[in-house]
Amino acid sequence: MTEQEIKKEIRRLCDERDALLLAHNYQRDEVQEIADITGDSLGLSMEAANTDKQVIVFCGVHFMAESAAILAPQKTVLLPRADSGCPMADMVTAEGLRDLKRQHPDATVVTYVNSSAAVKAESDICCTSSNAVNVARSLETKKLLLVPDRNLGRYIASHLPDKECICWEGYCPTHDRLKVADIEQARADHPDALFMAHPECTPEILELADHICSTSGMYEYARSSEARKFIVGTEMGILYRLRKENPDKEFILPSQALICPNMKLTNLEDILRALQTLEPRITVAEEVRVRAKMALDRMLAVPRD
Ligand code: 13P
Ligand code: SF4
C-alpha cells in the first residue's frame, strides 16, 4: 500500500470502528497530519474522556494512553506501539514512592502526569507542565514531594520559596540533552530570536529562556508574540504545527539531539494495524484506576490562572 492508501484506510477504519485518533505534539509529522486532534499529554486524555467515540487510538507513549484509560474506563484505548514507554515515567515506581512517603509522612505528593497509573495512585495530586506551579501553590501543606521530574520540581520550587520541596531524581533524557552551549550558539546565530523552553529542561537552560511553558503553551506564545523568530527548547515534533500555524515565522531547533525515540516509534502501519485488530489495548486495574483518578480529579479542580 502507498502512504496515501494507508492514510485513506486509517480514516475509513476510524469511521467504521467509531474511533478517535489522537496524536501528541511530539509525534511524527505524518501521524499528526492524519490525527483528529493533536495536543499535550493531559489535553489529549481529556479529549478521550469527553468524546462520544467508543475507541481511542492514542499516538503517544504508554502513560498517556493510561491516563485516557483512567479518565475513560468504558472506552477501548489503543496504543499502536505497546513498546512506546517514557524513560522518565519509568524512573519512579509505586514501591519507591511509598518508601519516600514513609520518610516524609507530613508531605503532600505532587506527581507530574508523565508517570504510571500505579504512581499516580500513590499520589495526592497530579500536575502537568502547564499548571504545575498553580497546583503546588494551591496546597496548604508546607512540604511537597515533587515526582518524578527533578527539573520540573526545581522549577516549581523556584516559584514557591515558602515551601519545602523534595524532588525525585528523575528526568527526561531528551530534554536533558539540551546544553547551555547549544542555546549560546543558537542565540549567536539568531540574535533577534526569542527562546522558549519546556520546564523539563535543566535549570541552567531555563535560566536562559524568555518564556517557559508546556508544548501547548508554545503554540500560544508563538502565535501571540510579535517576534518573527523562535528558538525551540523541546522535542522536535512540535515544529510541525508551529511551522504550519505560523508560516511567516521562523522556528529554530537548537540541537539535533532533541528527539524522543519513543515518541517516534508509532508509524502509519502501526496505526492501521491497531485499528484492524483493536490491539494493543491499554487497561488499568480498577483498584489502581480509582485512586489514580482521584489525583487527576484533584488537579482538574484547581482553578486556572
Ligand atoms: P506536555 O505535552 O504535557 O508539555 O509534555 C511534554 C512531554 O514530555 C510529554 O512526554
Ligand atoms: Fe518521556 Fe521525555 Fe519522551 Fe516526553 S519527551 S515521552 S518525558 S522521554
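**Figure 1. The lining of the largest pocket, by residue class.** The lining of the largest pocket counts 25 nonpolar, 18 polar and six charged residues. What you're looking at here, and in every view below, is a predicted model. The pocket holds about 970 Å³ of space. Some 49 residues line the largest pocket, and T128, S129, S130, N131 and S214 are the ones closest to its centre. Helices and a strand chip in too: α3 (41-50), α4 (62-71), α7 (132-137), α8 (150-159), α9 (173-176), β10 (211-212), α12 (215-224) and α15 (286-300) each give two or more residues to the lining. If you want the top contributor, that's α7, with five residues.

**Figure 2. Ligand 1 and its surroundings.** Zooming in on ligand 1, you'll find 14 residues around it, with H24, S41, H198, E200 and T215 the closest. Sorted by class, that shell comes out as five nonpolar, seven polar and two charged residues. As for where ligand 1 is, the space it takes is the largest pocket, the one with T128 and S129 among the residues closest to its centre.

**Figure 3. Side-chain polar contacts to oxygen atoms of ligand 1.** Three residues are worth picking out in this close-up: S41, S129 and T215. For S41, an N or O atom of the side chain is 2.8 Å from an oxygen atom of ligand 1. T215 also puts a polar side-chain atom 2.8 Å from a ligand 1 oxygen, while for S129 the distance from a polar side-chain atom to an oxygen of ligand 1 is 3.0 Å. How much of ligand 1 does the protein bury? Of the 300 Å² that ligand 1 exposes when taken alone, the protein buries 95%.

**Figure 4. Ligand 2 and its shell.** Ligand 2 sits in the largest pocket as well. Around ligand 2 you'll see Y26, V61, C86, P87, M88, N114, C172, E200, C260 and M263. This shell splits into eight nonpolar residues, one polar and one charged. Keep an eye on E200, which turns up around ligand 2 and is also listed with the closest residues to ligand 1.

**Figure 5. A cavity lined by strands and a helix.** Now for the enclosed space: the structure has one cavity of 30 Å³ or more. The largest cavity holds about 50 Å³. Its lining is made up of V110, Y112, C127, L146, V147, D149, L152, G153 and I156. Two or more of those residues come from each of β5 (108-112), β7 (143-147) and α8. Which element gives the most to this lining? That would be α8, with three residues. By class, the cavity lining has seven nonpolar residues, one polar and one charged.

**Figure 6. Two cis peptide bonds.** V147, which helps line the largest cavity, is joined to P148 by a cis peptide bond with omega near -15°. You'll find P148 in the loop between β7 and α8. The other cis bond shown here runs from E279 to P280, with omega at about -10°. P280 is in the loop between α14 (268-277) and α15.

**Figure 7. A positive phi at D18.** D18 isn't a glycine, yet its phi is positive, at about 55°. Look for D18 in the loop that links α1 (3-17) and β1 (19-24).

Methods:
Residues numbered from 1 in each chain as written. Chains lettered and ligands numbered in written order. Predicted model: local features only at pLDDT ≥ 70, side-chain atom pairs only at ≥ 80, totals over all residues. Heavy atoms only, no water. Near = heavy atom within 4 Å. Polar contact = N/O pair within 3.5 Å; in protein donor to acceptor, adjacent residues only side chain to side chain. Areas by Shrake-Rupley, 256 points an atom, 1.4 Å probe, with all protein chains shown as cover. 1 Å grid on protein atoms, 1.4 Å probe; cavity = no way out; pocket = protein on both sides within 12 Å on 5 of 7 lines; lining within 4 Å. Sits in = over half its atoms within 2 Å of the grid points. Nonpolar A, V, L, I, M, F, W, Y, C, P; charged D, E, K, R; others polar. Points joined across faces, edges and corners; volume = space filled by probe spheres on them. Helix = DSSP H or I, 4+ residues; strand = E, 2+ residues; numbered from the N terminus.
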